[in-house]
Amino acid sequence: MADKIPGLDGKNLQAYQTDMLPVYAPELLRQAELAAGRAYAPYSHFSVGAALLLAGGEITLGCNVENVSYGATVCAERVAIWSAVAQGLLSPEMPPLALAVTAQPCALCLQVLSEFVRPDFPIILPAEGDFGAVEENVWQVWRLSDMLPRVFSFNG
Ligand SMILES: [Zn+2]
């Protein structure tokens, strides 16, 4: 697990998500880029990293891990989410604060993420690339509902 981001203590998560975004977004992206460097991607040669900022300020990292079967390949975002769950740091009652990813998340990962967060959950992407930047400069932020307006649920 990576270091905690100073100043995050989980007391007011919604305020942190908005007010502290400029503070934690660059560090979270840096951690995601670090994780991308650890990706196991011998088939696609497309390395992706993810950094999930948790309620207590912890960060779990994920990278894509490919497999010769292709179908067993897992995305960086889900690796970070599952790691957080396995460490007892993430549940619907303990939602994360933000997710930084080095590439556009796929719909499968967004669906998994939706299990734990509200529709306005912030997803941070690098400013470079053709993402249609919302925040100019080093990073940009999207809401989960921007990327996946409708999620699957038993409630329709
Ligand atoms: Zn994915």
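What share of the contacts in the protein with a separation of 6 or more comes from residues 24 or more positions apart? The figure is 58%, where two residues are in contact if their C-beta atoms, placed from the backbone, lie within 7 Å. This is a predicted model, in which local features need pLDDT of at least 70 and side-chain atom pairs count only at pLDDT 80 or more, while totals for chains, interfaces and linings use all residues. Residues are numbered from 1 along each chain as its sequence is written.

How confident is the predictor here? The average pLDDT (the predictor's confidence in each residue, from 0 to 100) is 86 for the protein, and 81% of the residues score at least 70. Residues 130–136 are a weak spot, with pLDDT under 50 throughout. For that stretch the model has 11 contacts beyond four places in sequence.

Now for the overall layout. The protein has 5 helices and 5 strands, which are DSSP runs numbered from the N terminus (H or I, at least four residues, for helices; E, at least two, for strands). Along the sequence they follow the pattern α-α-β-β-α-β-α-β-β-α.

The strands come together in an open sheet of 5, with mixed pairing and the order E2-E1-E3-E4-E5; two strands pair if DSSP finds at least two bridges between them. E2 and E5 are the edge strands, each pairing on one side only. From one strand to the next, the twist averages 20°. Strands of a sheet pair through backbone hydrogen bonds, either parallel or antiparallel. E3 and E4 run parallel and are joined by 2 bridges, and Leu99 has Ile123 in E4 as its bridge partner. Helix H2 packs on this sheet, touching E1, E2, E3, E4 and E5, and its direction makes about 140° with that of E1. Axes here are lines fitted to C-alpha atoms, for helices over the stretch in contact, and angles run from 0 to 180 degrees between N-to-C directions.

What about the inside? Of the 156 residues in the protein, 37% are buried, meaning that 20 or more other C-beta atoms lie within 10 Å of a residue's own (12 or fewer makes it exposed, and anything in between partly exposed; C-beta atoms are placed from the backbone). The largest nonpolar core has 42 residues, and Leu28, Ala50 and Ala100 are among those with the most contacts inside it. Such a core is a set of buried Ala, Val, Leu, Ile, Met, Phe, Trp, Tyr and Cys residues joined through C-beta atoms within 7 Å. H2 gives this core its largest share, 7 residues. Ala51 also has many partners: leaving aside neighbours within four places in sequence, its contacts include Leu28, Ala32, Leu61 and Ala100.

Pro26, also in H2, is partly exposed, with 14 other C-beta atoms within 10 Å. Not counting residues up to four places away in sequence, Pro26 touches Val138 and Trp139. Its C-alpha atom is separated by 9.1 Å from that of Ala100, 74 residues apart along the chain.

Helix H4 has two distinct sides. Its buried residues are Cys109, Leu110 and Leu113. Seen down the axis of H4, they fall within an arc of 100° (taken from the directions from the helix axis to the C-beta atoms), so they line one face of the helix. These buried residues pack against H3, E3 and helix H5 (144–147). The face turned away from them carries the exposed residues Ala107 and Leu108.
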